[in-house]
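Reader: I'm new to this one and the whole thing is a bit much at once. Could you pick a single part, take a close look at it, and then show me how it sits in the rest?

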Amino acid sequence: MELLDLYDDNGKKIEKTIKRGEKFDEGNIMLSVIFIRNSNNMFLIQKASKDRKNKYTSTGGHVIHNEDGLTTIIREVKEELGLDIKKEEIKKLDLTKHPSRPCLINVYLLEKDIDINTLTLQKEEVEEVKWMSEQEILSLINKDLFLESHGYLFKKYFINEIVKVCTKEDANMLNKLLTDLINDERKYDDNINENFIVSSFYENIYTDKNKCLLAVKNNNNIIGYLYGYVCENNVDKEKIAIIDALYVENLYRNKGLGKSLINRFKVWAYENNVKIIELKVCNNNTSAIKLYKSEGFTEFKTIMRVKI
């Protein structure tokens, strides 16, 4: 018989203990859930046993009496997967309240490449495990084959939404990211002023129909963006769309967000009867060049510079 402590909405114990499954009138029980992601941006997902309705889930469980959330998740990973993990490997993402239940959830992330053939599964609870992509997991969630609470957490913390910026508040947030982008560019261009700060720019243009301002949102936080516009003149036969800025925060790079932003911009350009897209990139920014080439961009013009 498991005993569970009860907590207030801030995660503080309220000095009440219940048996697991027992009804209670105040406070919250507490869970710990961990998402395990490998270097290919795949998630380790388990299929529960028949006794647990064969739902797909991540790994997690109840925080029992006198246990903390981190200890719980280390224990659960060991019990369910036979995997030993260290505290130093685990990143805590949040302590969040379930949207419809009296329950607090510690959300953790472990980024590690694991050979699933070396795992020892707890057969009473876990039927099988496999690496899954974001789209595979979303498909299971949409078909109601994924444990509801784990699906809610996955979408909240790992699914990034690309939206067209349509509020002044969001536009203002992008000014900080533009400052970060300019500072990042200093690695490739030593002529950039290291003290330059953007205080006002995007809030003045986000309503312009000839300009496109896309933001990547994660849990309502903007973590990346693209700014582009249509350039029309009497010289070019075809209208040209320019990608003026593309930036993703360090923590979220190498996850395909740059590609997603570019592809959304291509759609916007096509809808505006544009067939050509151009951008500028420093010739020593090899990672950006690799991204652009993977999206079909080729070298077309060369900007030359001389110091005198």
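Author: Here's a walk through one helix, its surroundings, and then a few other spots for context.

Two bits of housekeeping first. This is a predicted model, where local features need pLDDT of at least 70 and side-chain atom pairs count only at pLDDT 80 or more, while totals for chains, interfaces and linings use all residues. Residue numbers start from 1 along each chain as its sequence is written, and side-chain values use heavy atoms, with hydrogens and water left out.

The part I'd pick is helix α2, residues 134-142. (Helices are DSSP runs of H or I with at least four residues, strands are runs of E with at least two, and both are numbered from the N terminus.) Four of its residues, Ile137, Leu138, Leu140 and Ile141, are buried. Buried means under 20% relative accessible area, exposed means over 50%, and partly exposed is in between, using a 1.4 Å probe and protein chains only. Those four cover an arc of only 160° around the axis, so they sit on the same side of α2. The arc is taken from the directions that run from the helix axis to the C-beta atoms. Flip to the face turned away from that buried side and you find Gln135 and Asn142, which are exposed.

So what's covering the buried residues? Among the elements doing that are β4 (43-48), β5 (56-57), β9 (126-132) and α3 (148-158).

Zoom in on Ile137, which belongs to helix α2. It has 0% relative accessibility, so it counts as buried. If you skip the neighbours within four places in sequence, Ile137 is in contact with Phe43, Ile45, Met132, Phe146 and Phe154, where contact means heavy atoms within 4.5 Å. There's also Gly151: it's 14 residues from Ile137 in sequence, with 8.2 Å between the two C-alpha atoms.

Just past α2 comes a little oddity. Asp144, in the loop between α2 and α3, has a positive phi of about 60° although it isn't a glycine. Most residues other than glycine have a negative phi. At 52% relative accessibility, Asp144 counts as exposed. Glu15 has a positive phi too, near 60°; that residue is in strand β2 (residues 13-19) and, at 72% relative accessibility, counts as exposed.

Carry on into helix α3 and you meet Leu153, which is buried at a relative accessible area of 0%. Leaving out residues up to four places away, Leu153 touches Val33, Phe35, Thr96, Ile105, Val107 and Phe158. Val33 is 120 residues away along the chain, yet its C-alpha is 8.8 Å from that of Leu153.

For another helix with a buried side, try α6 (residues 286-294), whose buried residues are Ala288, Ile289 and Tyr292. They cover an arc of only 100°, which puts them on the same side of α6. Thr286, Ser287 and Lys290 are the exposed residues on the face turned away. The buried set packs against β13 (240-248), α5 and β14 (276-279), and just after α6, Gly296 has a positive phi of about 95°.

Helix α5 (residues 257-271) holds Phe265 and Trp268, three residues apart and so separated by about one helical turn. Both are buried. Their ring centres are 5.4 Å apart and the planes meet at 25°, so this pair is stacked. (Rings of Phe, Tyr and Trp, taking the six-membered ring of Trp, pair if their centres lie within 6.5 Å; planes under 30 degrees apart are stacked, over 60 edge-to-face, and the rest tilted.) The whole structure has twelve aromatic pairs, and ring pairs join Phe201, Tyr202, Tyr225, Tyr227 and Tyr229 into a cluster.

Finally, step back. The protein has six helices and 14 strands, and its C-alpha trace spans about 80 × 40 × 40 Å along the principal axes. Of its 308 residues, 43% are buried. Among contacts between residues at least 6 apart in sequence, 61% join residues at least 24 apart.
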